[in-house]
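Student: I should like to examine how the descriptive terms applied to a model follow from its computed values. Could we take them one at a time?

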Amino acid sequence: DGAKNISIPEQNRYILRKAPKSSFKPNRYLDIEQIELLKSYADQGSAKTIQEQTALDIWFLMYYLAGCYPTDLVKMFRKSNYHRNKKYIDYQRHKTINTRSTPEIVPIHLNDHAINLINRYKSLDKKSDLLFYFWENSNVRTQDAEGVRLGDRTTRNLKQAARDLGFANLTSKMARHSNFNRLQKEKIDIEQIRIIAGHSDTGTTRIYLDSLKMVDLTDAYAKL
């Protein structure tokens with residue numbers, strides 16, 4: 001009879017796409033209760049070293065700042081984007097700018113903890129518009145490499161906190177996943193999450209969110 005054209009509803013097309021290279025695994029995010037435990041751990045000075053305390057601060061910076069990547073902290077946030085008095089910051093995801101999709105600037109409202117962290121690590125170099133002083137280097141390649149190293153160092157120095165709190169896992173990437181999970185729990189519209197995540201379409205966002213739901217399902221079965 002010959003092949004027939006099959007029309008697939010737009011909302012279901014993402015199911016047929018190739019899975020992301022880094023597939024989700026259990027314990028890829030912290031729930032709200034775990035985040036509060038981690039915040040108390042950091043606030044009470046439980047960190048054993050300065051490196052561990054810095055790693056905790058960076059984790060929360062990424063969590064509050066739209067679940068951004070370490071590279072975003074290194075090169076995307078500018079002093080001109082930070083509106084301290086109005087308690088918000090403009091965010092534009094680094095990876096999105098390097099794709100064909102149009103980057104969208106997202107205003108991120110900040111709580112007091114986020115503002116304190118920003119002010120703690122804010123650059124004092126008047127010649128640079130970079131918000132954070134970590135790696136003020138005009139060489140883009142160097143900034144990208146430093147972003148990767150920042151993520152690796154953060155994950156390495158979070159291991160002690162994970163052990164102390166009894167977490168199965170704690171990595172820099174979990175800040176991003178935890179942010180998306182929180183938005184999903186708050187029933188934020190998927191289009192809004194897509195914009196914050198910097199995805200080019202909601203199909204990619206659905207893969208993220210459905211993967212987080214699978215983590216919940218895995219945990220539920222583990223408790224049976």
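Student: What makes up the area that the protein chain exposes?

Tutor: The protein chain exposes about 13300 Å², of which carbon and sulfur atoms supply 49%. Accessible areas come from the Shrake-Rupley method with a 1.4 Å probe, and for residues only the protein chains shown count as cover. This is a predicted model, in which local features need pLDDT of at least 70 and side-chain atom pairs count only at pLDDT 80 or more, whereas totals for chains, interfaces and linings use all residues. Residues are numbered from 1 along each chain as its sequence is written, and side-chain values use heavy atoms, with hydrogens and water left out.

Student: What share of the residues counts as buried?

Tutor: Of the 224 residues, 43% count as buried; the term means under 20% relative accessible area, with exposed over 50% and partly exposed in between (1.4 Å probe, protein chains only).

Student: Which elements does the protein chain have?

Tutor: The protein chain has 10 helices and three strands. Helices (H or I, at least four residues) and strands (E, at least two) are DSSP runs, numbered from the N terminus.

Student: How do you know that E2 and strand E3 pair?

Tutor: Two strands pair if DSSP finds at least two bridges between them. E2 and E3 (residues 106–109) have four, in the antiparallel sense, so they satisfy the definition. Strand E1 (residues 82–83) and E2 are antiparallel over two bridges, and therefore also qualify. Tyr88 has His83 as a bridge partner and His109 as its partner in E3.

Student: Where do the side chains of strand E2 point?

Tutor: Within E2 (residues 88–91), Tyr88 and Asp90 point one way, Ile89 and Tyr91 the other way, and all are buried. In a regular strand the side chains alternate between the two faces of the sheet.

Student: Why is the pair of Phe77 and Phe132 called edge-to-face?

Tutor: Rings of Phe, Tyr and Trp (its six-membered ring) pair if their centres lie within 6.5 Å; planes under 30 degrees apart count as stacked, over 60 as edge-to-face and the rest as tilted. The centres of Phe77 and Phe132 are 6.2 Å apart and their planes stand at 75°, so the pair is edge-to-face. This pair links distant parts of the chain, 55 residues apart: Phe77 lies in the loop between helix H3 (70–75) and E1, and Phe132 in the loop between helix H5 (112–121) and helix H6 (140–157). Both Phe77 and Phe132 are buried.

Student: Which residues do ring pairs link into a cluster?

Tutor: The cluster consists of Trp59, Phe60, Tyr63 and Tyr64.
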